Amino acid sequence: MIDISEFIKFIEENFDLVSGVPCSYFKNLLATLAKQEEGLTIKHLIATREDEAIAIATGAALSRKRALVYMQNSGIGNIGDALTSLVQLYQLPMMLLISSRGLEDDIDFPEHSIMGDINDPLLETLKLKYWYLKEEWWQKIMQEAITEMNTQSLPVVVMVKKGVLSE
Amino acid sequence: MRGYEVIACLKDYLTEDDLLVSSNGNISREVYHLLTKPQVYLRGSMGLPVGVGLGLAVMNSDKRVTVITGDGNLLMGFGSLITTAFYRPKNLRILILDNTQYYTTGGQKTVSTAINYNKFFESLNIEYFKSLIPTEMNLKPVLSEFFDIGLLSILHLTIEEGKQDLANIPWHPTQISMEIQKKFLKE
């Protein structure tokens with residue numbers, strides 16, 4: 001598991017706002033964020049839906065701030081219009097941190113299985129560039145995604161499997 | 001009053017530090033043609049303008065951000081009103097122009113009339129809210145309060161249907177982004 005304090009430090013250095021809908025895969029990250037809320041240099045807004053988080057991030061991006069949006073991959077089902085008619089159309093940079101549900105760990109959670117199967121082709125159909133976060137070299141992976149986000153001025157996706165950001 | 005008549009009245013209240021987020025269809029078109037440029041003219045993005053306004057407001061406390069949305073668009077992202085009420089940014093205004101229809105797509109009914117807006121806003125504990133039918137007489141004092149109160153405020157206006165024949169917004173969305181981002185570069 002990635003050191004959560006180091007990960008938050010990295011987020012603080014590279015982003016101005018965080019918003020999203022939680023996943024248990026982000027439990028440690030979100031608990032630490034909540035604990036440190038007062039001392040953070042970034043703003044954290046809890047959203048009611050994943051597309052609302054994208055909208056909040058859009059407000060940040062329009063004013064030249066960088067936003068990170070977190071969600072379960074079930075949320076990909078909720079953000080199609082927010083991506084295609086807003087973020088991608090207006091060419092706004094932001095990072096989406098998405099938990100990779102529906103893999104072997106989720107065998108008892110059938111609600112995730114279909115999205116788990118179509119996750120990568122769906123991202124490709126949505127023309128989203130994506131990376132899988134790994135404990136080793138995580139800074140390098142994040143940095144690569146950030147560079148792509150900034151140079152293309154487009155949303156990028158970092159997928160997070162179980163155990164990478166939580167026990 | 002009609003929506004475009006209300007929008008035309010806004011020009012007396014807008015300063016350099018104002019930023020408007022207009023919802024899709026006719027409202028964005030009217031804001032583009034009737035008020036100073038650039039503003040955040042959303043196309044598509046159904047249910048998202050309140051969230052966009054919230055993001056702009058919390059990240060830019062020196063700007064006064066006003067979201068102008070229709071009832072159909074608002075209903076699609078209704079949760080954003082709750083999120084906004086939770087964070088209560090002082091520099092955010094939400095103007096709802098409610099003609100109880102999806103007017104841009106041909107006047108199909110929305111379910112907006114099911115809401116008692118005054119009771120709903122009251123439940124959110126927002127410092128300033130009003131729900132009324134605007135007239136030439138009552139609109140100006142209400143707009144003065146709405147813009148000047150210095151706290152999160154929501155104004156719901158029940159308007160008559162009707163639009164002006166205005167051309168499509170000529171700017172591509174990437175130009176809209178660029179013009180808005182330029183405003184933030186100068187500071």
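Here are a few exercises on a predicted model of two protein chains, each followed by a worked solution.

Residues are numbered from 1 along each chain as its sequence is written, and chains are lettered from A, and ligands numbered from 1, in the order in which they are written. Because the model is predicted, local features need pLDDT of at least 70 and side-chain atom pairs count only at pLDDT 80 or more, while totals for chains, interfaces and linings use all residues; side-chain values use heavy atoms, with hydrogens and water left out.

**Exercise 1. Work out the overall build of chain A.**

Step 1: start with the secondary structure. Chain A has six helices and six strands; helices (H or I, at least four residues) and strands (E, at least two) are DSSP runs, numbered from the N terminus. Along the sequence they follow the pattern α-β-α-β-α-β-α-β-α-β-α-β.

Step 2: check the compactness. Chain A has a radius of gyration of 15 Å, close to the 15 Å from the globule rule for 167 residues, so it is as compact as a globular protein of that length. This radius is taken over C-alpha atoms, and the rule is 2.2 Å times the number of residues to the power 0.38. The C-alpha trace spans about 40 × 35 × 30 Å along its principal axes.

Step 3: look at burial. In chain A, 55% of the 167 residues count as buried (buried is under 20% relative accessible area, exposed over 50%, partly exposed in between, with a 1.4 Å probe and protein chains only).

**Exercise 2. Trace the sheet of chain A from edge to edge.**

Step 1: write down the strand order. The open sheet has six strands in the order β2-β1-β3-β4-β6-β5 (chain A), with parallel pairing; two strands pair if DSSP finds at least two bridges between them.

Step 2: find the edges. β2 (43–46) and β5 (129–132) of chain A each have a single partner strand, so one side of each is left without a neighbour in the sheet.

Step 3: zoom in on one pair. Strand β1 (residues 17–20) of chain A runs parallel to β2(A) and is joined to it by four bridges. Here Ser19(A) stands opposite Leu45(A) in β2(A).

Step 4: add a helix. Helix α6 (residues 138–152) of chain A packs on the sheet, touching β4 (94–99), β5 and β6 (155–160) of chain A, and its direction makes about 170 degrees with that of β5(A). Contact means heavy atoms within 4.5 Å; axes are lines fitted to C-alpha atoms, for helices over the stretch in contact, and angles run from 0 to 180 degrees between N-to-C directions.

**Exercise 3. Repeat the analysis for chain B.**

Step 1: count the elements. Chain B holds eight helices and eight strands.

Step 2: order the sheet. Six strands form an open sheet, β2-β1-β3-β4-β8-β7 (chain B), and the pairing is parallel. At its edges stand β2 and β7 (128–132) of chain B.

Step 3: pick out one pairing. Six bridges join β3 (residues 64–70) of chain B to β4(B), and Gly70(B) has Leu97(B) as its bridge partner in β4(B).

Step 4: place a helix. Helix α7 (residues 136–148) of chain B lies across β3, β4, β7 and β8 (153–158) of chain B, at about 155 degrees to β7(B).

**Exercise 4. Describe how the two chains meet.**

Step 1: count the residues. In chain A, 27 residues are in contact with 29 residues of chain B.

Step 2: take the area. About 2,300 Å² is buried between chain A and chain B, and carbon and sulfur atoms give 65% of it; this is the accessible area (1.4 Å probe) that two parts lose on being put together, summed over both.

Step 3: name the main contributors on one side. Leu62(A), Arg64(A) and Tyr90(A) lose the most area in chain A, together 29% of what that side buries.

Step 4: see what crosses over. Helix α3 (residues 49–59) of chain B lies across β1 and β2 of chain A, at about 155 degrees to β2(A).

**Exercise 5. Locate the unusual backbone spots.**

Step 1: recall the background. Most residues other than glycine have a negative phi, and most peptide bonds are trans.

Step 2: inspect the loops. The peptide bond from Lys37(B) to Pro38(B) is cis, with omega near -5 degrees, and Pro38(B) sits in the loop between α2 (26–34) and β2 (40–41) of chain B. Lys127(A) has a positive phi, near 55 degrees, and counts as exposed at 74% relative accessibility. Arg88(B) has phi near 45 degrees and is partly exposed, at 31%.
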